[in-house]
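Trainee: Before the terms are applied, may I ask for the grounds on which each of them rests?
Mentor: Certainly; let us take the structure first and then the terms in turn.

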Amino acid sequence: MRRFRRRRRFDGGLEGLVNFRDLGGLPADGGTVRPGVLFRSDSLAYATRADARRLVDDLGVATVIDLRGEHEVAYLGRGLFARLGVGYYPAPIADVSGAEDLVGHYLAMLDEKGDVLAGTVRVLAGKDALPAVFHCEAGCDRTGVLAAVVLGLLGVPEDVIAADYAATAAAMPTIHERVRVVFDRLGLPPRPPSVLVWAPEAALMARLLDLVRERWGGMEGWARDQGLRAADLTALREALIVRAP
């Protein structure tokens, strides 16, 4: 049985990270997602010194999975985590074919970047990877896709996965303002007004999960199609599920 060293419970209150949360406690197949070992976040480049200290010293984060593209990392950096000796796993998944809508874009990530996503599953199932945090820029789209993959493979109900995706809506006003400041600093053209008021809704993720079921028969079918083995999924579940008594 895998052992985890004693850690403090995450209780919010970070300074620079506005979309950081523990996926622990969600209902899963045979129990609940283990608390304190898997976190999702907006870009860790925005972590303050106090944030970084809490993630490393209090939460014990051992691995950072970065879903941003190479150009984003080059422009925006990795912040303090580039110097903290925490394991770093780049997993860019955004560079995919065009789609008619956001759900189609998410589906293209699962299809065209399935090998990258499957690689992150193997990382999370590895012996020394946890606790881990995965992030993109806002912690919404790419992070939402990876969360859907992992939670789906853990047997988290689809409505719960969709609700977790939609929970990012509370952070979006702050994220939109932060992106505006970054765009101004880099001399990039402003984003359309419609983008500045957008927020994720559970129905978007629910539709993606419907499409996954139609195309692959569910997330496990997707996993098999990407070459993940039964042993990989068993290791992931043993690491991330607290079994009910």
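The discussion below sets computed values against their definitions.

Mentor: This is a predicted model, in which local features need pLDDT of at least 70 and side-chain atom pairs count only at pLDDT 80 or more, while totals for chains, interfaces and linings use all residues. Residues are numbered from 1 along each chain as its sequence is written, and side-chain values use heavy atoms, with hydrogens and water left out.

Trainee: Why is Tyr-75 called exposed?
Mentor: Exposed means over 50% relative accessible area, buried means under 20%, and partly exposed lies in between (1.4 Å probe, protein chains only). Tyr-75 has a relative accessible area of 59%, and therefore counts as exposed. Tyr-75 is placed in helix H2 (residues 70–76); helices are DSSP runs of H or I with at least four residues, and strands are runs of E with at least two, numbered from the N terminus.

Trainee: Which residues make a nonpolar surface patch with Tyr-75?
Mentor: Leu-186 and Leu-188 join Tyr-75 in a patch of about 300 Å². Patch members have over 30% relative accessible area and no salt bridge; nonpolar side chains (Val, Leu, Ile, Met, Phe, Trp, Tyr) are joined within 5 Å, and like charges within 9 Å. The areas come from the Shrake-Rupley method with a 1.4 Å probe, and for residues only the protein chains shown count as cover.

Trainee: What makes a set of residues a nonpolar core?
Mentor: The members are buried Ala, Val, Leu, Ile, Met, Phe, Trp, Tyr and Cys residues, joined through side-chain atoms within 4.5 Å. The largest such core here has 62 residues, and Leu-110, Leu-154, Val-156, Trp-222 and Leu-240 have the most contacts inside it. Helix H5 (residues 141–153) gives the most to this core, with 8 residues. A second, separate core of 18 residues includes Phe-10, Leu-44, Ala-47 and Leu-80.

Trainee: How do you know that the pair Asp-184 and Arg-180 is a salt bridge?
Mentor: The term requires a side-chain nitrogen of Lys or Arg within 4 Å of a carboxyl oxygen of Asp or Glu. The N to O distance in this pair is 2.9 Å, so the criterion is met. Both residues lie in helix H7 (residues 172–186), 4 residues apart, about one turn of the helix. Asp-184, at 48%, is partly exposed, and Arg-180, at 39%, is also partly exposed.

Trainee: Which parts does the pair Glu-220 and Arg-237 tie together?
Mentor: Glu-220 and Arg-237 form a salt bridge, with the closest N and O atoms 2.9 Å apart. Glu-220 lies in helix H10 (residues 219–225) and Arg-237 in helix H11 (residues 230–240), so the pair ties together parts 17 residues apart in sequence.

Trainee: Why is Arg-237 called buried, whereas Glu-220 is called partly exposed?
Mentor: Arg-237 has 19% relative accessibility, which is under the 20% limit, and therefore counts as buried. Glu-220, at 39%, falls between the two limits and is therefore partly exposed.

Trainee: What makes S2 and S8 edge strands?
Mentor: The open sheet has 3 strands in the order S2-S3-S8, with antiparallel pairing. Strand S2 (27–28) and strand S8 (241–243) each have a single partner strand, so one side of each is left without a neighbour in the sheet.

Trainee: How do you know that S3 and S8 pair?
Mentor: Pairing requires that DSSP find at least two bridges between the strands. Strand S3 (residues 31–33) and S8 share 3 bridges, so they qualify as a pair. Val-33 stands opposite Ile-241 in S8.
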